[in-house]
Amino acid sequence: MGMTQVTTLECTLCGVEYDPNQIIYTCPEHEGVKGILEVTYDYDAIDDAFDGDLGGPISSQWKYEAFLPVAADADVVTLNEGGTDLFDAPNLSDALGVETLVKDDGRNPTGCFKDRASAIAVTKAKHAGRDIITCASTGNAAASLSGYAARGGMDCRIFVPGDAPTGKLAQPLVYGADVLAVNGSYDEAYDLSVEVTEKYGWYNRNAAINPFQVEGKRTVGHELADQSIARGHVPDWVVFSMGDGCTIAGAWKGFKEFYDLGYVDDHPQMLGVQADGASAIHDAFHDHDDIDDIAETLADSIAVGRPRNTLKACRALEQSGGTSVLVSDDEILAAETLLGSTEGIYSEPAGAAPIAGVQTALDRGIIKQDETVVVVSTGFGLKDTKSAEKATGGVDRIDPGIAEVEGLYGTAEEAAADD
């Protein structure tokens, strides 16, 4: 059976439509992978089929199955991804000077936001009869796809840049994937993954070109809208870091769907955050003339020099009335420790970048102090412990004697007197 709720795949550049039940990644009318496709839906059919308890509990992203581009008879591959908490963050709010909530997607099964897309990828690959699935990744997508491929009984072959964090590469190896470290950049690994897809016929999960991957990511927008109903208030801003642009595009699409269907009466503005060493989407959105393909940032998950979903990301910023900002690597590291030390949430650098973005936006008057902000942490901190060590300066090493402790904190009597 087909996907009755999906109407077509539409090229974002020329509007040519394609059958959504075939395997097609980009519009062949355009060079390379420029012809990004958009999944379009019959929202009347979705509205009729959706029976979720709005404002109620969210056990996983499959609460929104009526919105997902999966055939009714598909054997869904899931590890109960999604359904992540939206935390009040009073200590962080005090530190930033604005009411802030944190949606911690680092709590997904493999420790990152991308599990939302990987569940869709493996489900669709199995339904299409493919046995091998692949993608290019700086680490998180590799780990995520590998875990879901293992769950689905598929072979997985991953292409990563040679400098990808070793902590992230251990995960896909444990999940049984073949990990091919390319002696080059993420963009070179990406190009190779596309080439092998064409040559070998493997199913490609790359979120920037596989049109269905953004659709899995948009469930975070559904959840944020649903959680806004539970709280009785839509946030003024939702903040994401941006690499290829798929995540913020998907989140906006999901929230806007709930708004357009009348499930919520307002929508947030989207704030996109990029590292100043990998700023292509920001530069395109602000019509800068000096756009280049450099990607130099310690936040490896957003170290993308040639984003493939720039158009969708910029559209999300524009339609929501939002904008984008740049932050430095030092600001990202400071944000990682700020989030951890105020709220006990351990995020990798790309997941902490939104905190730095909020600080920048406050300083520039983009975000007002009387507004409400949701920051989305997209990856768990244990994926990149080297950056955490750099951010904190490491441990204090002492000899095994009480005098060493007294040298740091004073005597017990002095400490009691200070209290």
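**Briefing: the cavity and helix H12**

One cavity of 30 Å³ or more turns up in a search of the whole structure. A cavity is a set of points, on a 1 Å grid over the protein atoms alone, where a 1.4 Å probe fits but cannot get out. The model is predicted: local features need pLDDT of at least 70, side-chain atom pairs count only at pLDDT 80 or more, and totals for chains, interfaces and linings use all residues. Residues are numbered from 1 along each chain as its sequence is written, and side-chain values use heavy atoms, with hydrogens and water left out.

**Cavity**
- The largest cavity holds about 360 Å³ of space, a volume being the space filled by probe spheres set on the points.
- Its lining has 28 residues, and Lys114, Lys217, Asp244, Thr247 and Ser301 are the closest to the centre. Lining residues have an atom within 4 Å of a point.
- Strand S6 (132-136) and helices H4 (140-152), H6 (186-200) and H9 (246-260) each give two or more residues to this lining.
- H9 gives the most, with three residues.
- By class, the lining has 13 nonpolar, ten polar (Gly among them) and five charged (Asp, Glu, Lys and Arg) residues.

**Helix H12**
- Helices are DSSP runs of H or I with at least four residues; strands are runs of E with at least two.
- H12 (residues 329-343) has 15 residues and should span 21 Å at 1.5 Å a residue (times one less than the number of residues); its end C-alpha atoms are 21 Å apart, which agrees.
- Buried residues (under 20% relative accessible area, 1.4 Å probe, protein chains only) in H12 include Ile332, Leu333, Glu336 and Leu339.
- Their cover includes helices H2 (90-96), H13 (349-363) and H14 (385-392).
- Gly344, just after H12, takes a positive phi of about 70°.

Note on methods
On a 1 Å grid over the protein atoms alone, a cavity is a set of points where a 1.4 Å probe fits but cannot get out, and a pocket is an open set with protein on both sides within 12 Å along at least five of seven lines; lining residues have an atom within 4 Å of a point. Buried means under 20% relative accessible area, exposed over 50%, partly exposed in between (1.4 Å probe, protein chains only). Contact means heavy atoms within 4.5 Å.
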